[in-house]
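Trainee: I'm new to this structure and would like a close look at a single part of it. Could you walk me through how the two domains sit relative to each other, and then what is inside each?

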Amino acid sequence: MLEDGEKGAILQVDRQTYAVAPHIPCGVVTPAQLRMLADVAEKYQAAALKVTSASRIAIVGLKEEQVDDVWNDLHDMNPGAAVGLCVRSVKACPGTTFCKRGQRDSLGMGMYFDEEYHGMELPGKMKLGVSGCANQCAESSIKDIGLVGKKDGWDVYVGGCAGARPRLAEKIAIGLSDDDVKNVVEAIVEFFKQNAKPRERLGRMIDRIGLEELTKAVLPEHAV
Ligand code: SF4
């Protein structure tokens with residue numbers, strides 16, 4: 001039996017079959033990749049293809065002995081970081097790239113964060129959400145780090161999570177430029193790395209040490 005996450009495979013409820021869920025940065029997939037996923041699912045007689053909340057497409061119901069062959073057949077796709085203590089997912093809405101309500105390029109910013117941080121090992125798991133307007137379609141308020149695009153720049157939220165003990169994120173900055181918001185996110189991740197206890201989420205760390213400790217360390221002077 002494979003360990004959870006070993007070879008990018010996740011054990012299913014029957015305790016016999018596995019799902020694999022290739023990393024799909026910000027949920028943007030090409031027609032060729034979709035065909036490849038469908039072909040692989042058919043070839044190995046998977047039980048289902050499941051679109052996940054982290055913008056992946058899981059191939060569900062695979063046998064252990066199929067897992068290596070499935071990844072070989074998925075060519076340019078890779079497992080990414082679906083489990084473990086790390087930056088797990090960056091969710092981004094279509095923003096100004098596709099959405100008529102978009103105020104900021106959330107997809108471009110999400111892709112940047114995915115490239116920079118996806119899979120980065122941290123004391124606890126971390127999720128990012130980047131929304132192109134106040135509607136927050138990327139659920140920025142329940143992400144460890146959430147961005148919301150406004151006409152005059154990015155608002156930054158910290159400490160949100162869903163799960164058994166959900167917590168709404170708190171807004172710590174408004175109207176940041178693209179460069180400033182990248183720097184602030186980098187500083188938050190670094191602060192979390194230095195100060196979080198093992199398995200702690202950012203919101204619980206804030207509850208423990210206080211929001212001010214974090215904002216003092218991560219915000220540029222003009223944003224405070
Ligand atoms: S958050 Fe705004 S920009 Fe993004 S998809 Fe929703 S409505 Fe469109």
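Mentor: Start with the spacing: the C-alpha centres of domain 1 and domain 2 lie 28 Å apart. Keep in mind that this is a predicted model. Domain 1 runs over 6-73, while domain 2 takes in 87-223. Where they meet, five residues of domain 1 are in contact with ten residues of domain 2. Sort the domain 1 side of that meeting place by class and you get three nonpolar, two polar and no charged residues.

Now step inside domain 1, with Leu 37 as our guide. Leu 37 belongs to helix 1, which covers residues 31-43. Is Leu 37 buried or exposed? Leu 37 has 21 C-beta neighbours inside 10 Å, so it counts as buried; the bar for that is 20 or more. Leaving out residues up to four places away in sequence, Leu 37 touches Leu 49, Ile 57 and Ile 59. Take the pair Leu 37 and Ile 57: they are 20 residues apart in sequence, yet 8.2 Å apart in space from C-alpha to C-alpha.

For a contrast, look at Arg 15, in the loop between strand 1 (9-11) and strand 2 (18-20). Arg 15 counts as exposed because it has just 7 C-beta neighbours inside 10 Å, and 12 or fewer is what that label takes. Its backbone is worth a glance too: Arg 15 isn't a glycine, but its phi is positive, about 60°. Most residues other than glycine have a negative phi.

Over in domain 2 there's another residue of this kind. Gln 136 has a positive phi near 55°, and it isn't a glycine either. You'll find Gln 136 in the loop between strand 6 (126-131) and strand 7 (145-150). Unlike Arg 15, which counts as exposed, Gln 136 counts as buried, because 20 C-beta neighbours lie inside 10 Å.

Then there's the ligand. It has 13 residues around it, and those that come nearest are Cys 93, Cys 99, Gly 132, Cys 133 and Cys 137. By class, the shell around the ligand holds five nonpolar residues, seven polar and one charged.

What about the nonpolar packing? The largest nonpolar core has 39 residues, and the members that touch the most others are Ala 92, Val 130, Val 156, Val 158, Val 184, Ile 188 and Phe 192. Helix 5, residues 178-195, gives the most to this core: seven residues. A second, separate core has 17 residues, including Ala 19, Ala 21, Ala 46 and Val 70. Back in the 39-residue core, Ala 92 touches Cys 26, Ser 106, Leu 107, Met 109, Gly 110, Val 130 and Ala 138, again not counting residues up to four places away in sequence.

Finally, zoom out to the whole chain. Its secondary structure comes to seven helices and nine strands. The radius of gyration is 18 Å, close to the 17 Å that the globule rule gives for 224 residues, so the chain is as compact as a globular protein of that length. Measured out along the principal axes, its C-alpha atoms fill a box of roughly 55 × 40 × 25 Å. Of the 224 residues, 41% count as buried. And among contacts with a separation of 6 or more, 58% come from residues 24 or more positions apart.

Terms used. Residues are numbered from 1 along each chain as its sequence is written. This is a predicted model: local features need pLDDT of at least 70, side-chain atom pairs count only at pLDDT 80 or more; totals for chains, interfaces and linings use all residues. A residue is near a molecule or strand if its C-beta atom, placed from the backbone, lies within 6 Å of it. Ala, Val, Leu, Ile, Met, Phe, Trp, Tyr, Cys and Pro count as nonpolar, Asp, Glu, Lys and Arg as charged, and the others, Gly among them, as polar. Helices (H or I, at least four residues) and strands (E, at least two) are DSSP runs, numbered from the N terminus. The radius of gyration is taken over C-alpha atoms; the globule rule is 2.2 Å times the number of residues to the power 0.38. Two residues are in contact if their C-beta atoms, placed from the backbone, lie within 7 Å. A nonpolar core is a set of buried Ala, Val, Leu, Ile, Met, Phe, Trp, Tyr and Cys residues joined through C-beta atoms within 7 Å. Domain bounds come from an automatic or database domain assignment.
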